[in-house]
Amino acid sequence: MVMTALSEGVDISACVRIFDNHPPTITRWLMRGGLHSQRLHERLFHQAIQVGHLQLDELVTKVKREAERIWLWTAV
């Protein structure tokens, strides 16, 4: 839940208050998650795409009358 909150933009100090974890623990989780994401990105995307410049954006929305969110990623 802490990583989900951090990915949604919740500050580390707010996560400390909300989830009652120590700041070094949350910082360590954030660093480990970032390193894992970097390795995953390099393994899946870095070798397959050879471009000079890439812009990536994301959008989350709900479809009419649907409860779940739908993610849309665009790359230029």
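# Notebook: contacts, core and single residues

**Entry 1. Contacts along the chain.** I began with the contacts in the protein that have a separation of 6 or more, and I found that residues 24 or more positions apart account for 13% of them. I note here that the model is a predicted one.

**Entry 2. Overall form.** I next looked up the radius of gyration, which is 16 Å for the protein. A compact globule of 76 residues would have a value near 11 Å. Taken along the principal axes, the box filled by the C-alpha atoms is roughly 40 × 40 × 15 Å.

**Entry 3. Elements.** How many helices and strands are there in the protein? I recorded three helices and two strands. Read from the N terminus on, their order is α-α-α-β-β.

**Entry 4. Surface and charge.** I looked up the exposed surface of the protein, which is about 7000 Å². Carbon and sulfur atoms supply 57% of that surface. Of the 76 residues, 9% count as buried. I also recorded 9 positive and 8 negative side chains. The centres of these two sets lie 4 Å apart.

**Entry 5. The core.** Which residues make up the largest nonpolar core? I listed five: Val2, Ala5, Leu6, Cys15 and Ile26. Helix α1, which covers residues 2-7, gives the most to this core, with three residues. As general background, nonpolar side chains in soluble globular proteins tend to be buried together.

**Entry 6. Leu6.** I then followed one of the core residues, Leu6. With residues up to four places away in sequence not counted, Leu6 touches Ile12, Cys15, Ile26 and Leu30.

**Entry 7. Ile26.** Is Ile26 buried or exposed? Its relative accessibility is 0%, so I entered Ile26 as buried. This residue lies in helix α3. Not counting residues up to four places away in sequence, I found that Ile26 touches Val2, Leu6, Ile12, Cys15, Val16 and Asn21. I also looked up the distance from Ile26 to Lys64, a residue 38 positions from it in sequence. From C-alpha to C-alpha, Ile26 and Lys64 are 36 Å apart in space.

**Entry 8. Trp29.** I stayed in helix α3, residues 23-46, where Trp29 lies. Why does Trp29 count as partly exposed? Trp29 has a relative accessibility of 31%, and partly exposed means a value between 20% and 50%. Leaving aside neighbours within four places in sequence, I found Trp29 in contact with Val2, Met3 and Asn21. Trp29 and Ile70 are 41 residues apart in sequence, and their C-alpha atoms are 26 Å apart in space.

**Entry 9. Thr27.** I looked up a further residue of helix α3, Thr27. Its relative accessible area is 35%, so I entered Thr27 as partly exposed. Thr27 and Ile12 are 15 residues apart along the chain, and 7.5 Å separates their C-alpha atoms.

**Entry 10. Asp11.** I turned to the loops and found Asp11 in the one between α1 and α2. With a relative accessible area of 48%, Asp11 is partly exposed. I then compared its place with that of Lys64, which is 53 residues from Asp11 along the chain. The C-alpha atoms of Asp11 and Lys64 are separated by 31 Å.

**Entry 11. Asp20.** Where is Asp20 found? I located Asp20 in the loop between α2, residues 12-19, and α3. Its backbone has a positive phi of about 60°, although Asp20 is not a glycine. Asp20 is exposed, because its relative accessible area is 69% and the class begins over 50%.

Note on methods
Residues are numbered from 1 along each chain as its sequence is written. This is a predicted model: local features need pLDDT of at least 70, side-chain atom pairs count only at pLDDT 80 or more; totals for chains, interfaces and linings use all residues. Side-chain values use heavy atoms; hydrogens and water are left out. A nonpolar core is a set of buried Ala, Val, Leu, Ile, Met, Phe, Trp, Tyr and Cys residues joined through side-chain atoms within 4.5 Å. Buried means under 20% relative accessible area, exposed over 50%, partly exposed in between (1.4 Å probe, protein chains only). Helices (H or I, at least four residues) and strands (E, at least two) are DSSP runs, numbered from the N terminus. Contact means heavy atoms within 4.5 Å. The radius of gyration is taken over C-alpha atoms; the globule rule is 2.2 Å times the number of residues to the power 0.38. Accessible areas come from the Shrake-Rupley method with a 1.4 Å probe; for residues, only the protein chains shown count as cover. Lys and Arg count as positive and Asp and Glu as negative; His and the chain ends are not counted. The place of a charge is taken as NZ of Lys, CZ of Arg, CG of Asp or CD of Glu.
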